Amino acid sequence: MTRRTPLRVLGIDPGLTRCGVGIVDVAPDRSATLVHVGVVRSDAGARIEERLAVIAAGLRALIDEHRPVVVAVERVFAQHNLQTVMGTAQASGIALLVAGERGIPAATHTPSEVKAAITGYGAADKRQVQAMVARILRLDELPKPADAADALAIALCHAWRGGAAAAPASGALTPAQKAWADAERLTRR
């Protein structure tokens, strides 16, 4: 059965101070429309439990307002700064928890998966990702801040690689999507 309505995806770039959020509608032909972009902010001077509660409340409000059918979160990766990776992991856990509370399926994607899906190159820099997101969504300006642009990229990545629910009716892939699919196949060997 071919999907006829757009897939609404909430992308989340987890962070304690700035948690990037982006919501897109992706049509069966893989064209995409911006629904919402922004950042959920918490006070760096607040206690950790308060900061996580602020992030959870912000994500719940977005979900209640925009009703995404799936949540995609950037997968935490190893960093040299333990404090940064811990905060990112905690915010990621909150995002997955909120999706679970609302009964919304959730997935995680690595930064290199997202970059490959959006630009065709897994080591693209932030500016390249922002430029492609703006082009894909037909925006007049680059989405800002970078956390919000990353969230949009995560949402697009998920929709484009989401299997039957997001497959194009024609089966055609963009060059970036083909490069990503090829790279993914190579990692399975």
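**Notebook: loops, strands, cores and salt bridges**

I started with R138, which sits in the loop between α4 and α5. The model is a predicted one, and I kept that in mind for every entry below.

**Entry 1: odd backbone spots**

I looked up the phi of R138 and got a positive value of about 55 degrees, although R138 is not a glycine. I also checked its surroundings: R138 is exposed, with a relative accessible area of 55%.

In the loop that R138 belongs to, between α4 and α5, I found P145 as well. The peptide bond from K144 to P145 is cis, and its omega is near -5 degrees.

Which residue in the loop between α1 and β4 caught my eye? I noted R67 there. R67 has a positive phi of about 55 degrees and is not a glycine. I looked up its exposure too: R67 has a relative accessible area of 57%, so I put it down as exposed.

Then I went to the end of α3. G120 follows this helix, and its phi is positive, near 85 degrees. Inside α3 (residues 111-119), I listed P111, E113, V114, A116, A117 and I118 as the buried residues.

**Entry 2: β1, β2 and β3**

How do β1 and β2 run relative to each other, parallel or antiparallel? I found them antiparallel, with seven bridges joining them. The connection is a hairpin, and it goes through four residues. I picked out one pair here: D13 stands opposite G20 in β2.

Next I followed β2 on to β3 (residues 32-41). Nine bridges join these two strands, and they run antiparallel. V24 has L34 as its bridge partner in β3. β2 and β3 also make a hairpin, this one with five residues between the strands. In that turn I spotted R30, with a positive phi of about 75 degrees.

I wanted to know how covered β2 is. Eight of its nine residues are buried, which makes this strand mostly covered.

**Entry 3: nonpolar cores**

I looked up the largest nonpolar core and found 23 residues in it. The members that touch the most others are V9, V24, V26, I118, V133, L137 and L156. I then asked which elements give two or more residues to this core. My list is β1 (7-13), β2 (18-26), β4 (70-74), α3, α4 (126-136) and α5 (146-161). The top contributor is α5, with eight residues. There is also a second, separate core of 21 residues, and L10, I55, I63 and V98 are among its members.

V24 turns up in two of my entries: it bridges to L34 in β3, and it belongs to the largest core. I118 does something similar, being one of the buried residues of α3 and a member of the largest core.

**Entry 4: salt bridges**

How many salt bridges does the whole structure have? My search gave eight. A reminder to myself: side chains of opposite charge can pair when their charged atoms come close.

R18 pairs with D147, and their closest N and O atoms are 2.6 Å apart. R18 is in strand β2 and D147 in helix α5, so this pair ties together parts that are 129 residues apart in sequence. Is each partner buried or exposed? R18 is partly exposed at 37% relative accessible area, whereas D147 is buried at 14%.

D150 also forms a salt bridge, in this case with K126, and the closest N and O atoms are 2.5 Å apart. Because D150 lies in helix α5 and K126 in helix α4, the pair links parts 24 residues apart in sequence. D150 counts as buried at 11% relative accessibility, while K126 counts as partly exposed at 48%.

I looked at E49 and R47 too, whose side chains meet in a salt bridge (2.5 Å, N to O). E49 is partly exposed, at 43%, and R47 counts as exposed, at 51%. I then saw that R47, E49 and E50 are linked in a network of salt bridges.

**Entry 5: how far to trust it**

I checked the confidence values last. The chain has a mean pLDDT of 86, and 80% of its residues reach 70 or more. Among the elements, α1 (residues 48-66) has the highest mean, 98, and α6 (residues 175-187) the lowest, 55. Over residues 163-174, pLDDT stays under 50, and the model has 17 contacts beyond four places in sequence for them. Where pLDDT is low, the predicted coordinates should not be read in detail.

How values were computed:
Residues are numbered from 1 along each chain as its sequence is written. Side-chain values use heavy atoms; hydrogens and water are left out. Buried means under 20% relative accessible area, exposed over 50%, partly exposed in between (1.4 Å probe, protein chains only). pLDDT is the predictor's confidence in each residue, from 0 to 100. Contact means heavy atoms within 4.5 Å. A nonpolar core is a set of buried Ala, Val, Leu, Ile, Met, Phe, Trp, Tyr and Cys residues joined through side-chain atoms within 4.5 Å. Two strands pair if DSSP finds at least two bridges between them. A salt bridge is a side-chain nitrogen of Lys or Arg within 4 Å of a carboxyl oxygen of Asp or Glu.
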